[in-house]
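Colleague: I would like to go through this model with you, one question at a time. Please keep the answers short.

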Amino acid sequence: MATFVQAVRMALHYGEEHLGVTDVFGEDVGPPLGGVFTATQGLKTAWNSPLDERGIVGTAMGIAYAGGKPVCEIQFCDYGFNTIDLLKVAGNQYWSGRGAFPMSMVVMTPSGSGIRGSLYHSHSFESWASRLAGWKIVMPSNALDAYGLMLSAIKDPNPVLYLMPKALLRVRGDQPLPGEPADEQQLKDMIDAPVGDRSRWKPRWPELQPHFIKIGEASLARAGDAATVVSYGRLLPICVQAADAIREETGRACDVIDLRSIFPYDWKMIRASIEKTGRVLFVNEDTEVTNFAEHLLRRTIDDLFYDLTVRPRLLQAKHVPGIGLNHVYEQNTVPQLREVLIALRELVDEPA
Amino acid sequence: MPESSTETTLLPSLETGDESLPGELCQHIHRVMVRSRRMEERMIKMAKSGEGYFWIGGPGEEAFNTCLGLQIKKGRGPNFDFLHLHYRNEATLVAMGMPVLDGIRQMAMRATDPHSMGRNFPGHFSVADWNIVPVSSVIENQFAIAPGTAMVQKRVSSDAITIVVGGDAGSAEGDFASCLVWSSRPANPLPVLIIVMNNGWGISTCSAGQHGERHVSDRAGPFGIPAEVVDGNDPVASWHAIRRGMHHCRTKRTPYFVEAGVSRLNGHSSSSGAARVTNEPDCIELLERRLRRAGIMDAEEIERVHEEARAEADAALEQSLLEPLPVVADIERYTYHPSPVDAVYPGDYTGLPR
């Protein structure tokens, strides 16, 4: 099976061939590196930009104005904070120009912790991004979704922020991409650039097929009626692990919702699940003041208060200036499996 | 009209040094400048009378901005010029053919405002059919965006260029440096005409205390971008500086830099009172003196232009006040373009997901 990052790369290739992608660019995105996480190796429209995040986002906007289809990369979302007002402008062009200026562009960026990235390679960005009206924000948690959401991000005529949980980029999916060769080594030989001299290397792309995952459509990773867990990105597989453990321990199964889209989010699925279980835990790795899930919690209170049998929960990262390098910092700042298990057990066990 | 700069005319020409403009073109430039000025004076009155809220604009920049507007290759898409303007480019729009009524509609915040449906400040134009992308109040971010349109233009077989305009104060922003870097990358230099309108002010702060460089355009040199400084109050000099810049970008497909010294005749905006200053030269008065002296227009003809422009602005106000205001249902309109791959908003935004 393809890894998450191979899936992104193949989606971009599909986008170049079938969806009109004209430019894939950013710092170290073009040859020889093809992205610090290899997401853009071998792509025919990939090129290297100056080390200038505002220039990257601005140029993508300009390309979109002129009818191109750009996918730009901010190397780590931590470097994207100085682009906030340009992101705001990109999100309001269609609105402020009374519908005359759609802004069809994708900004992709690795987000979150899990690679011992210290202060500036561990930030989460989704809570900041969720305030950018006019944007759509997606964050897949597995290779197949990474492929399908990238195709939709490219096809959507609005600006889409594509957040990649960097700790999952090397993780293999458990479902094949349509058109992906069955043999992992064969795929690697076809599309991974060799170590060393790459000047004469060219990828051999598989015959990929379309697979669009609609923006705003969550998926149910586990089904049950004991409680609802809502997560996405890096912590989604950890939530699945926790739900599986509790089912093994107690026989009680939980709904685990992979939100996949931060905005617009799948309120229909969240609502239906909470109405069924009466118990909900939101989990993500962003920090805890004005965390995006606080909005979901507020909607839960407003819309579903009388469906709740116990208080709703939110597990999130601590409100500290950064994630320290030593593992003691990271493991005690961002929720880990242990914390998810504790929170989920408490949620399931609390008397109604 | 731009082609007429080289035509033989019955009227005498205006000359600056060894450069000249035909008399007919000067008459046309004058008329555009006056129409733009009268439109803005009407806007300032609207800000004071409550018929509008906030005014910001370009009295003092009309000479240069008119010459810019008249030389644009106007149209939609990468085969035509793209404009990334600042909020003092009214005369450019009037020169390109924007009805004064449309400027007033934006000031009056009407639903009929073609630029923003009553959403944005005056002077924050957007015209898709002319590649004028929405003007932002955040100074200088247009400089980070401009290389993108130029990049696409360079790929099509056309002489279309990207024009980006900002002020001297805004050149302190990093986006200005971004534009210099991205426009002149050896890997892909771009046809960007970079224009800085130097009025010597950033709101209330004099540039002399903030900028050590002799000219803003001196910053183009290290990037290999040809640059010139021009008297932006002089339409003859401005016309030819713009022409040179455009010709360079259209033919060499690389960037060019023009810094225009201009006046700021009504302060920064209505927030500083928009009162007329008297210690800076007025490009319209300067031009009229030259037109009279050259025998291109007499005082009566000039006054007639002013009268017509005043009447046009007054009529535009009357008309705009009869037109509808935005309604509550408009608030969410145009948040999202319809999308076939969005499960929640296949059409426009409809409030929070339900």
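**Sheet, core and contacts**

Modeller: To begin with, this is a predicted model. In chain B, five strands form an open sheet in the order β3-β4-β5-β9-β8, with parallel pairing.

Colleague: Which strands are the edge strands of that sheet?

Modeller: An edge strand pairs on one side only. In chain B this applies to β3 (82–84) and β8 (227–231). From one strand to the next, the twist averages 20 degrees. The edge strands are thus named: β3 and β8 of chain B.

Colleague: Which residue in β9(B) does Ile195(B) stand opposite?

Modeller: Strands β5 (residues 192–198) and β9 (residues 256–261) of chain B pair in the parallel sense over six bridges. The residue in β9(B) opposite Ile195(B) is Val258(B).

Colleague: At about what angle does helix α7 of chain B run to β9(B)?

Modeller: Helix α7 (residues 235–252) of chain B lies across β5, β8 and β9 of chain B. Its angle to β9(B) is about 165 degrees.

Colleague: Which helix gives the most residues to the largest nonpolar core?

Modeller: The largest nonpolar core has 205 residues, and those touching the most other members are Ala7(A), Met150(A), Tyr162(A), Val229(A) and Leu344(A). The top helix contribution is eleven residues, and it comes from chain B, from helix α1 (residues 23–49).

Colleague: Why does this core lie between the domains of chain A?

Modeller: Chain A is divided into domain 1 (4–191) and domain 2 (219–349). The core lies between them because residues come from both domain 1 and domain 2 of chain A.

Colleague: Which residues is Leu344(A) in contact with, leaving aside neighbours within four places in sequence?

Modeller: Contact here requires C-beta atoms within 7 Å. With those neighbours left aside, the partners of Leu344(A) are Ala227(A), Val229(A), Ala242(A), Ala243(A), Ile246(A), Cys254(A) and Leu281(A).

Colleague: How far apart are the C-alpha centres of the two domains of chain A, domain 1 and domain 2?

Modeller: The two domains touch, with 24 residues from domain 1 of chain A and 21 residues from domain 2 of chain A in the contact. By class, the domain 1 side has eleven nonpolar, nine polar and four charged residues. The C-alpha centres of the two domains lie 26 Å apart.

Colleague: Which element gives the largest share of the side of chain A that touches chain B?

Modeller: In this contact, 42 residues of chain A meet 41 residues of chain B. On the chain A side, 20 are nonpolar, 14 polar and eight charged. Helices α2 (53–65), α3 (84–96) and α5 of chain A each supply at least two residues. The largest share, nine residues, comes from α2(A).

Terms used:
Residues numbered from 1 in each chain as written. Chains lettered and ligands numbered in written order. Predicted model: local features only at pLDDT ≥ 70, side-chain atom pairs only at ≥ 80, totals over all residues. Domains from an automatic or database assignment. Nonpolar A, V, L, I, M, F, W, Y, C, P; charged D, E, K, R; others polar. Helix = DSSP H or I, 4+ residues; strand = E, 2+ residues; numbered from the N terminus. Core = buried A, V, L, I, M, F, W, Y, C linked by C-beta atoms within 7 Å. Buried ≥ 20, exposed ≤ 12 C-beta atoms within 10 Å, placed from the backbone. Pairing = 2+ DSSP bridges. Axes fitted to C-alpha atoms, helices over the stretch in contact; angles between N-to-C directions.
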